[in-house]
Amino acid sequence: MAEWTEISPEQMKEVLEAKFENLIPRRLRHMRFSNFIAPQRSKLAQVVQTIKNWRPQDGKQGRPRGSKTMLLILGEPGTGKTHLSIALIYELIMQQEVHFIKWVTAENIASEYAFSFRDDSDMSPADIEDSLKQIEFLCIDDLGYEHLSEASVGLFHRIFCYRYDWMLPTIVTTNLELEEIANRYGYRVLSRFFEMATIVHIPTKKDFRVKRAKVNIFVGK
Ligand SMILES: Nc1ncnc2c1ncn2[C@@H]1O[C@H](COP(=O)(O)OP(=O)(O)O)[C@@H](O)[C@H]1O
Ligand SMILES: [Mg+2]
């Protein structure tokens, strides 16, 4: 008879690290709260705390209305939106607070969806839509950067409305302003975001990529 072999905490940590690595592209895997720089007591430090402490409220307390099942991170390019969302995902995985999680860029969703209409695609449009609707925990990175087509707008609209209805945890990062979200995906989507999302603005305009490269550039008119 087979015996149970208990796995040690170290082995468990390895398993969970591997799970995280399978999910997150290489360039982004180092992103943690511990290596995110924010001056003490700054607004940025407060935002980091809000993100670190964020957990979906799934209405189990019996109050589905107003429950926050989405974390919406807004901000300029290079200000740490992707970094902070991945840092949170790392914590959620390592603490085994989520099991089935998908991290994907909006651009990938749109291009895979467009491809799925072709005859040589393994996935059908419905397969893609269902997987994004139903995954236990979804993180969509850089909403608004994807190619805008009627089909992709419809897809994002349906994903957000479905996840709103079923109160499924979702993280979204975007450079878009709130009004631009309404212009792109429709007011119905923004209205649901207002109800379901904890909305955080990254309170800086400094592009960390430029800062780190130690170059002075001027982008503008
Ligand atoms: N405050 C910060 N401390 C440490 N690294 C940062 C910070 N802000 C951004 N970065 C780094 O700068 C790069 C761009 O950040 P990223 O999160 O990808 O920006 P965004 O998603 O807002 O465009 C990444 O390599 C990220 O790790
Ligand atoms: Mg980003």
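1. Strands β1 (residues 70-74) and β4 (residues 170-174) run parallel and pair over five bridges. This is a predicted model, and the pairing is a good place to start reading it. Two residue pairs mark the register. Met70 has Thr170 of β4 as its bridge partner. Leu71 stands opposite Ile171 in β4.

2. β4 has a second partner. Strand β3 (residues 137-143) is joined to β4 by four bridges, and the two run parallel. Here Cys139 is the residue opposite Ile171 of β4. Ile171 therefore faces Leu71 of β1 and Cys139 of β3, with burial of β4 to match: five of its five residues are buried, so the strand is largely enclosed by the rest of the structure.

3. Look at the two faces of β4. Thr170, Val172 and Thr174 are on one side, Ile171 and Thr173 on the other, and all are buried. Both faces are thus covered. The background is simple: in a regular strand, side chains alternate between the two faces of the sheet.

4. Now the whole sheet. Five strands make an open sheet in the order β2-β3-β4-β1-β5, with parallel pairing. β2 (101-105) and β5 (197-201) are the edge strands, each pairing on one side only. From one strand to the next, the twist averages 10°. In general, strands of a sheet pair through backbone hydrogen bonds, either parallel or antiparallel.

5. Move from β4 to β3, then out to β2. β3 is mostly covered, with five of its seven residues buried. It pairs with β2 in the parallel sense over five bridges. Within that pairing, Thr105 stands opposite Asp141 in β3.

6. Asp142 deserves a check. This residue lies in strand β3. Its phi is near 60°, a positive value in a residue other than glycine. Is Asp142 buried or exposed? It is partly exposed, because 19 other C-beta atoms lie within 10 Å, and a residue needs 20 or more to count as buried.

7. Arg41 shows a comparable backbone feature: its phi is near 60°, again positive in a residue other than glycine. The setting is a loop, the one between α1 (9-23) and α2 (43-53). Arg41 is exposed, with 8 other C-beta atoms within 10 Å.

8. What holds the interior? The largest nonpolar core has 38 residues. Those with the most contacts inside it are Ile51, Leu71, Leu88, Ile89 and Ile140. Helix α3 (residues 81-94) gives the largest share of this core, seven residues. In soluble globular proteins, nonpolar side chains tend to be buried together.

9. Ile51 is worth following through the core. Which residues does Ile51 contact, leaving aside its neighbours within four places in sequence? They are Leu71, Leu84, Leu88 and Val200. Leu71 and Leu88 are also among the core residues with the most contacts. Leu71 is the residue opposite Ile171 in β4, which links this point back to the sheet.

10. Next, the ligand. Ligand 1 is surrounded by 15 residues, and the closest are Gly80, Lys81, Thr82, His83 and Phe208. α3 and α9 (208-212) each supply at least two residues of this shell. The largest share, three residues, comes from α3. α3 thus gives the largest share of the shell and the largest share of the core.

11. What is the make-up of the shell around ligand 1 by class? Six of its residues are nonpolar, seven are polar and two are charged.

12. Ala151 sits in helix α6 (residues 150-165). With 12 C-beta neighbours inside 10 Å, it counts as exposed. Ala151 still touches Tyr113 and Ala114, not counting residues up to four places away in sequence. Ala151 and Ala114 are 37 residues apart in sequence, yet 7.9 Å apart in space, C-alpha to C-alpha.

13. Glu10 makes a contrast in distance. It is placed in helix α1 and counts as exposed, with 8 C-beta neighbours inside 10 Å. Glu10 and Arg192 are 182 residues apart in sequence and 41 Å apart in space, C-alpha to C-alpha.

Technical notes
Residues numbered from 1 in each chain as written. Chains lettered and ligands numbered in written order. Predicted model: local features only at pLDDT ≥ 70, side-chain atom pairs only at ≥ 80, totals over all residues. Core = buried A, V, L, I, M, F, W, Y, C linked by C-beta atoms within 7 Å. Contact = placed C-beta atoms within 7 Å. Near = placed C-beta within 6 Å. Nonpolar A, V, L, I, M, F, W, Y, C, P; charged D, E, K, R; others polar. Pairing = 2+ DSSP bridges. Axes fitted to C-alpha atoms, helices over the stretch in contact; angles between N-to-C directions.
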